[in-house]
Amino acid sequence: MTNSELLIRQARLLLPDGDFLVGDVQIRGHQITQVAAEISEAADREIDATGLTLLPGVIDPQVHFREPGQEYKEDLFTASCACAKGGVTSFLEMPNTKPLTINQAMLDDKLRRAAEKSLVNYGFFIGATADNLADILTVNPTCGIKIFMGSMHGALLVDQEALLEKIFAEGSRLIAVHAEDQARILERRQQFAGRTDPAVHSQIQDNQAALLATQLALKLSKRYRRRLHILHMSTAEEADLLRQDKPTWVTAEVTPQHLVLNTSAYETIGTLAQMNPPIRSAHDNEVLWQALRDGVIDFIATDHAPHTLEEKAKGYPSSPSGMPGVETSLAVMLTQAMQGRCTVPQVSHWMSTAVAAAYGIPNKGAIAPGYDADLVLVDLDSYRPLKREELQTKCGWSPFEGWNLTGWAVTTIVGGQVVYDQGQLNLAVRGRPLAFTNS
């Protein structure tokens, strides 16, 4: 449909100023060309969106899609199908694949794989190691440098302050940190050795482990005025730290699971609730919500990190940390909006507009002429439960199974092409590589 026209008629569409308009959207090629209360022209294809809400497509800025090396859990094709079904039109993927994404050759390999397989738009982080400083400063295109400060092993673990300082001191590219203090985690593992209750995971990798690492990253960022992004912030203490001391060049994100799940989930879903950083207390939930609403936390990411049910069934601590999320994040957050925790425009800002701004992704995150036609039509009037058998993710489960959610994607559009509609995926659609103006 690259040269065809698409018209979306009579949607309740979210305007860039946060207001809604019941109107039409005209798309030519991959871009939006007109937004109006009524467009008189016809088009090759028209979608009657009466009663539905049109939002900018979700940009998920932290996912682990497992390809190459662990395609038995997920791959770029299955994950992008899950994205399309969930209203996610673009993703930024992490470097802890096998082999690791730590140089230009591996980045090129991922870009080639995504071009062949991905139904949605894609970008990739470059991973920092102890000795690839030249690579992380020169590879292109990348959304930024990923540093695992803790809860990692092997080459991607960079937990020594002197090494971290070298990375912060050189270049200007965005640095995104997994902020957990490795020394404290190792110490606590010894302290809690022998415990097999998965709830102990939140005690081993405790709030203090997260706070210590975030404090260090913030200190180095301030020393060098280096663009810093704090991934999956999980604690009240980190939110309070940023509320008091957040330079203009620092951003932070939170996951839906750190907003709506807490340690009580271990009692009901066991190791399916296990992730890094761990889920926290109900108090942490509330403080994170307030920080998000106040702009202390800038946006939302899923940290989609699938493992098989067989792996999760191994029992703690043999069970791996991580859970899927791209397919459910928009519905989970829109359900929260319908319950009064936030507004629909806030959800769209956190899941699309603010992400595009933070990563310098041009022409994304708004329904306006000249912007890319990455869009999702959602139904906010009906609820349905999340069923395992309906999931597109290869791992085949969700921590939100059985939750009654609204805001499910009805139609997802990527680059002007309908990739998902009324339960059906269009497997012929391919996304495009994202550009990053500030990388």
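Which residue forms a salt bridge with Arg341? The answer is in the first of these close-ups, all taken from a predicted model.

**View 1. Glu286 pairs up with Arg341.** The closest N and O atoms of the two side chains sit 3.2 Å apart. Glu286 belongs to helix α11 (residues 282-294), while Arg341 is in the loop between α13 and α14 (344-359), so this salt bridge ties together parts that are 55 residues apart in sequence. Glu286 is partly exposed, at 44% relative accessibility, and Arg341 is partly exposed too, with a relative accessible area of 25%.

**View 2. Helix α13 is mostly covered.** This helix runs over residues 329-338, and nine of its ten residues are buried. Going along the helix, the buried ones are Ser329, Leu330, Ala331, Val332, Met333, Leu334, Thr335, Gln336 and Ala337. After α13 comes Gly340, with a positive phi near 95 degrees.

**View 3. Lys73 and Glu311 meet in a salt bridge.** Here the N to O distance is 2.8 Å. Lys73 comes from the loop between β6 (58-63) and α1 (76-86), and Glu311 from helix α12 (residues 309-312), so the contact joins parts of the chain that are 238 residues apart in sequence. How much of Lys73 is accessible? Its relative accessible area is 3%, so Lys73 is buried. Glu311 counts as buried as well, at 11% relative accessibility.

**View 4. Glu46 reaches Arg9 from another strand.** The two side chains form a salt bridge of 2.9 Å, N to O. Glu46 is in strand β4 (residues 45-48) and Arg9 in strand β1 (residues 5-14), which puts the partners 37 residues apart in distant parts of the chain. Is each partner buried or exposed? Glu46 is partly exposed at 39% relative accessibility, whereas Arg9 is buried, with a relative accessible area of 19%. The cut-off for buried is under 20%, so Arg9 makes it into that class.

**View 5. Seven charged side chains share a network of salt bridges.** Its members are Glu67, Glu71, Asp109, Arg112, Arg113, Glu116 and Lys117. For the wider context, the structure holds 26 salt bridges.

**View 6. The largest pocket has a volume of about 960 Å³.** Its lining takes in 40 residues, and those nearest the centre are Ser151, Met152, His153, Asn276 and Ser321. What kinds of residue make up the lining? There are 21 polar residues, 13 nonpolar and six charged. Among the contributing elements are α5 (182-191) and α6 (201-204), each supplying at least two lining residues.

**View 7. Cysteines without a disulfide.** Searching the whole structure turns up zero disulfides. For Cys143, the nearest cysteine sulfur is that of Cys83, 14 Å away. Cys395 also has the sulfur of Cys83 as its nearest, at 13 Å. Cys143 is buried, with a relative accessible area of 2%, and Cys395 counts as buried at 8%.

**View 8. Confidence along the chain.** The average pLDDT is 97, and 99% of the residues score at least 70. Which elements mark the two ends of the range? Helix α3 (residues 133-138) has the lowest mean pLDDT, 96, and strand β7 (residues 88-93) the highest, 99.

Methods
Residues are numbered from 1 along each chain as its sequence is written. This is a predicted model: local features need pLDDT of at least 70, side-chain atom pairs count only at pLDDT 80 or more; totals for chains, interfaces and linings use all residues. Side-chain values use heavy atoms; hydrogens and water are left out. On a 1 Å grid over the protein atoms alone, a cavity is a set of points where a 1.4 Å probe fits but cannot get out, and a pocket is an open set with protein on both sides within 12 Å along at least five of seven lines; lining residues have an atom within 4 Å of a point. Grid points are joined across faces, edges and corners, and a volume is the space filled by probe spheres set on the points. Helices (H or I, at least four residues) and strands (E, at least two) are DSSP runs, numbered from the N terminus. Ala, Val, Leu, Ile, Met, Phe, Trp, Tyr, Cys and Pro count as nonpolar, Asp, Glu, Lys and Arg as charged, and the others, Gly among them, as polar. Buried means under 20% relative accessible area, exposed over 50%, partly exposed in between (1.4 Å probe, protein chains only). pLDDT is the predictor's confidence in each residue, from 0 to 100. A disulfide is a pair of cysteine sulfur atoms within 2.5 Å. A salt bridge is a side-chain nitrogen of Lys or Arg within 4 Å of a carboxyl oxygen of Asp or Glu.
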